[in-house]
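Open the structure in your viewer and get your selection tool ready. This tour makes a few stops, and each one tells you what to select next.

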Amino acid sequence: MAADQHLLEYFTAMDNQGGIIVRDAPKLDLDLYISNYKGRTRFDRLLLIGQSSVPLCVDALKAAVAEAKRGKDVSRYREAWECIRIAAPDEPEAKWDEAWATATDKANKAETHRLEAELKGYKNNLVKESIRIGHRDLGEHLESIGELNLASETYIKMRPDASTQAHIQDVGKHIVSIMLQKQDWAGVLANVNKVLAVNMGAEEQNTEQPYQKMVSGLAYLGTGKFYEAARCFLEVGDPTVCQRHNDIISQNDIATYGGLLALASMDRLELQSRVLDNSGFRNYLELEPHIRKAVSMFVNGRYSACLGILESYRNDYLLDIYLQKHVSAIFSQIRSKCIVQYFLPFSCVTLDSMNAAFAKPGESIEPELINMIRSGVLNARINTIDKLLVAVSTNSRAAMQKKALDAAKNYEKEAMERIRRMNIAAADLEVKPPRKGAGGGAGSLPGVGDIWQDDSRRQHGPSETIA
């Protein structure tokens with residue numbers, strides 16, 4: 001009972017801070033899920049699960065504390081400890097490890113001083129490659145201890161000493177890594193294009209393209225541009241190359257992001273061609289078969305089954321660091337598309353059939369339909385007397401007249417342009433290009449030969465010219 005009381009207090013505080021609370025157990029296995037990642041993203045994901053999932057809270061926070069102590073970032077350890085000491089004060093991890101924090105902080109300061117001294121020596125020697133490596137080592141150290149702003153400034157100082165294309169790509173990746181952790185999506189988009197150079201070979205481009213597509217997709221997702229993000233994730237390419245960048249996202253994430261965002265932003269034809277028939281994306285869909293099944297259900301017109309599959313995995317999506325803020329918007333767009341596509345073949349549908357297909361037990365879909373009609377998503381009206389959803393037929397005569405008027409305006413505009421062109425030609429007002437070879441043997445410069453002949457005539461005088 002005491003443990004439940006502590007969890008209640010903890011999640012009440014999280015809810016008051018505006019956090020998203022997931023009360024039901026997700027389908028994911030915590031250990032198997034976190035084993036797909038490496039680097040600093042492991043702690044971020046564990047801490048988010050610990051702050052959001054009621055069933056996995058204690059296990060995730062304990063794993064986050066252990067993950068923080070495996071690194072050198074004392075601020076992360078403090079952040080995880082602040083959470084677990086409220087959620088589970090009786091756990092061993094809830095006791096502050098002062099010895100580790102003091103020793104780690106002291107070691108971090110000593111390492112920072114050593115790297116700065118080395119960099120100063122490199123600058124005195126004026127060796128560009130050594131200076132670049134010194135900045136890189138110092139930046140990686142500052143990033144590992146949580147000094148992201150200083151690390152970003154240090155990485156930027158690598159640019160003047162980057163002499164090859166590989167060095168430029170290395171600088172870009174380090175800067176993008178910092179901006180991803182800070183969720184500076186505009187900065188990510190501004191720097192990610194520098195990773196993929198124009199003069200790269202085909203093999204190098206195939207190696208770097210998955211990274212660029214992944215990072216661009218995350219940036220578009222962060223800014224709410226679901227269609228552009230879906231295009232990026234669907235074009236990632238080779239899964240083996242993608243696995244090298246699991247310090248950002250995993251292959252399972254690419255399948256989930258690509259499938260969900262495609263469902264939210266693409267029509268049936270695009271879903272069939274870009275998702276189901278995409279040989280490059282099929283390898284990712286095999287890792288998340290429920291995504292492929294949901295897309296297939298939508299394409300085949302089984303909308304309620306599609307929504308049921310996605311709803312069963314909603315809790316998993318709410319525990320993802322990049323999807324969490326957008327789950328409600330993505331699910332709302334997918335649901336609206338399903339309702340519109342379900343209603344499209346009919347002139348009228350009973351509200352009872354709509355409730356049976358889309359409404360939750362004991363609830364009505366009528367308020368949702370009203371909002372869709374008001375926002376212009378659904379072109380219909382509700383007959384409250386007969387309980388019908390009736391399609392609003394378009395005025396075909398008005399549409400035909402508008403099309404005819406547009407055609408007449410376009411014809412008039414084109415005719416006026418042709419008449420103007422004819423008048424310009426008749427008045428000899430055209431700017432004609434010079435003829436090739438004109439100028440009487442003065443090379444490729446037209447008219448120079450004539451100028452030289454006129455100058456020679458002026459020098460000899462009229463009598464010599466006649467002779």
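**Stop 1: the largest pocket**

Start with Arg40, Thr41, Asp44, Arg76 and Gln181. Of the 33 residues that line the largest pocket, these lie nearest its centre. Keep in mind that you are looking at a predicted model.

Now colour the elements around the space. Five of them give two or more residues to the lining of the largest pocket: α3 (41–52), α5 (74–87), α7 (128–144), α8 (148–156) and α9 (165–182). Which element gives the most? Select α3, which gives six residues to this lining.

How much space is in there? The largest pocket holds about 920 Å³. Next, colour its lining by residue class. You should find twelve charged, eleven polar and ten nonpolar residues.

**Stop 2: α7 and α8**

Stay with two of the elements from that lining, α7 and α8. Hide the rest and look at the two axes. They come within 8 Å and cross at roughly 165°. An angle over 145 degrees counts as roughly antiparallel, so α7 is roughly antiparallel to α8. The crossing of α7 past α8 is left-handed.

Show the side chains where they touch. On α7, select His135, Arg136, Leu138, Gly139, Glu140, Leu142 and Glu143. On α8, select their partners: Leu148, Leu150, Ala151, Thr154 and Tyr155. Six residues in this contact are nonpolar, three are polar and three are charged.

**Stop 3: the second largest pocket**

Bring the whole model back. The second largest pocket has about 450 Å³ of space. Select Leu28, Tyr33, Asn252, Glu288 and Asp316. Among the 21 residues lining this pocket, they are the closest to its centre.

Now add the elements. α2 (30–34), α14 (251–265), α17 (289–299) and α19 (314–317) each give two or more residues to the lining of the second largest pocket. Which of them has the largest share? That is α14, with four residues. Colour the lining of the second largest pocket by class: ten residues are nonpolar, six are charged and five are polar.

**Stop 4: α14 and α20**

Keep α14 selected and add α20. The axes of these two helices come within 7 Å, crossing at roughly 50°. That angle makes α14 oblique to α20. As α14 passes α20, the crossing is left-handed.

Where do they meet? On α14, pick Leu260, Leu261, Ala262, Leu263, Ala264 and Ser265. On α20, pick Ile330, Gln333, Ile334 and Lys337. Count the classes in this contact: seven nonpolar residues, two polar and one charged.

**Stop 5: α20 and α22**

Drop α14 and keep α20, residues 327–343. Add α22, residues 366–375. Their axes come within 12 Å and cross at roughly 90°. This makes α20 roughly perpendicular to α22.

Which residues make the contact? Select Arg335, Ser336, Ile339 and Val340 on α20. Across from them, select Glu368, Leu369 and Met372 on α22. By class, the contact of α20 with α22 has four nonpolar residues, two charged and one polar.

**Before you close the viewer**

Go back over two links. α7 and α8 both help line the largest pocket, and they also meet each other. α14 gives residues to the lining of the second largest pocket, and it also touches α20.

Methods: Residues are numbered from 1 along each chain as its sequence is written. This is a predicted model: local features need pLDDT of at least 70, side-chain atom pairs count only at pLDDT 80 or more; totals for chains, interfaces and linings use all residues. Side-chain values use heavy atoms; hydrogens and water are left out. On a 1 Å grid over the protein atoms alone, a cavity is a set of points where a 1.4 Å probe fits but cannot get out, and a pocket is an open set with protein on both sides within 12 Å along at least five of seven lines; lining residues have an atom within 4 Å of a point. Grid points are joined across faces, edges and corners, and a volume is the space filled by probe spheres set on the points. Ala, Val, Leu, Ile, Met, Phe, Trp, Tyr, Cys and Pro count as nonpolar, Asp, Glu, Lys and Arg as charged, and the others, Gly among them, as polar. Axes are lines fitted to C-alpha atoms, for helices over the stretch in contact, and angles run from 0 to 180 degrees between N-to-C directions. Angles under 35 degrees count as roughly parallel, over 145 as roughly antiparallel, 65 to 115 as roughly perpendicular and the rest as oblique. A crossing is left-handed if the near helix is turned anticlockwise from the far one by less than a right angle, and right-handed if clockwise. Contact means heavy atoms within 4.5 Å.
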